[in-house]
Amino acid sequence: MRSLAMYAVLVCAAVAFADSGSWYASSGLMPYDSLIPEAQRFTAFGDPSYGTLGVDGLNYNDPSTTENLSIRREYTEIDPAADWTYQVTARVNSCERDYLNYAFATGVSNDTESCLLMVAPDAIGFTGDTNGWTWLVSYSVDTTDAFHTFRVTKTADMIDVFVDGMTSPCLSVDRNTLVGWTRNRVSLGDSSHNGMANFDISEFHWDIVPEPTTLMLLGFGVLMLRRR
Ligand SMILES: [Ca+2]
């Protein structure tokens with residue numbers, strides 16, 4: 001009985017750091033629609049009127065330097081040791097912009113460093129200081145007026161970025177070099193509070209897997225159960 005209790009506790013511990021799902025514009029539902037089960041549903045922060053669902057995707061039209069639209073899932077904690085993958089298909093639309101050099105942020109971030117991918121009209125990358133528009137590392141790619149798929153994987157400390165069908169990453173960065181934002185979230189897409197932008201997102205997928213030590217403990221729990 002004791003090992004059974006231990007097993008139950010360890011299963012809960014593993015579930016705490018695991019989350020995955022997908023959203024497709026072709027579903028005809030906003031990512032935060034109440035028809036979507038909670039385990040797959042996002043929440044809209046900021047001004048929801050900036051988002052509209054069209055045939056090509058979810059269009060963000062953020063014309064303000066004092067407001068934004070952020071569609072995200074928030075967590076109490078995403079352990080920095082957890083591995084994860086996210087993938088987004090999106091395009092940046094030609095539009096008037098202010099001084100910010102990125103259009104939107106997307107992906108997974110924990111409470112130690114911001115791992116959100118910044119997508120600009122002509123580049124993608126990660127932030128390098130507390131100013132969200134200063135690149136640490138970037139890769140030149142024309143994201144404007146054509147859809148591309150951006151896939152980001154975190155394995156241990158390394159974060160790799162792939163565009164479309166790439167088999168080797170165009171960007172690799174050690175998470176320890178990224179700046180902290182103290183944000184535990186999966187962001188489908190965030191426009192900037194201070195910047196203006198217009199972009200479309202047609203698909204988003206995310207997969208946060210339990211941290212390796214939790215998996216090992218879980219395996220130990222199963223072993224204990226089988227020895228009874
Ligand atoms: Ca804005």
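Reader: Leaving aside neighbours within four places in sequence, which residues is Phe104 in contact with?

Author: Happy to start there, bearing in mind that this is a predicted model. Phe104 is among the residues with the most contacts inside the largest nonpolar core. Setting aside neighbours within four places in sequence, the contacts of Phe104 are Tyr60, Val119, Gly189, Asp190, Ser191, Ala197 and Phe199.

Reader: Which strand gives the most to the largest nonpolar core?

Author: That core has 43 residues, and Phe199 is one of those with the most contacts inside it. The strand that gives the most to this core does so with six residues, and it is β15 (residues 197–208).

Reader: Is Val108 buried or exposed?

Author: Val108 sits in strand β7 (residues 104–109). Its contacts beyond four places in sequence include Trp84, Cys115 and Trp206. The cut-off for a buried residue is 20 or more other C-beta atoms within 10 Å. Val108 has 26 such atoms within 10 Å, so it is buried.

Reader: Which residue in β9 does Met118 stand opposite?

Author: Good one to check in the viewer! Strand β8 (residues 117–119) pairs with β9 in the antiparallel sense over two bridges, and a hairpin of three residues joins β8 to β9. Strand β9 (residues 123–127) is largely enclosed by the rest of the structure, because four of its five residues are buried. Opposite Met118 in β9 stands Gly125.

Reader: Over which residues is the pLDDT below 50?

Author: For the protein chain, the mean pLDDT is 85, and 79% of the residues reach 70 or more. Where pLDDT is low, the predicted coordinates should not be read in detail. The pLDDT is below 50 over residues 8–15.

Definitions and conventions. Residues are numbered from 1 along each chain as its sequence is written. This is a predicted model: local features need pLDDT of at least 70, side-chain atom pairs count only at pLDDT 80 or more; totals for chains, interfaces and linings use all residues. A nonpolar core is a set of buried Ala, Val, Leu, Ile, Met, Phe, Trp, Tyr and Cys residues joined through C-beta atoms within 7 Å. A residue is buried if 20 or more other C-beta atoms lie within 10 Å of its own, exposed if 12 or fewer, and partly exposed in between; C-beta atoms are placed from the backbone. Two residues are in contact if their C-beta atoms, placed from the backbone, lie within 7 Å. Two strands pair if DSSP finds at least two bridges between them. pLDDT is the predictor's confidence in each residue, from 0 to 100.
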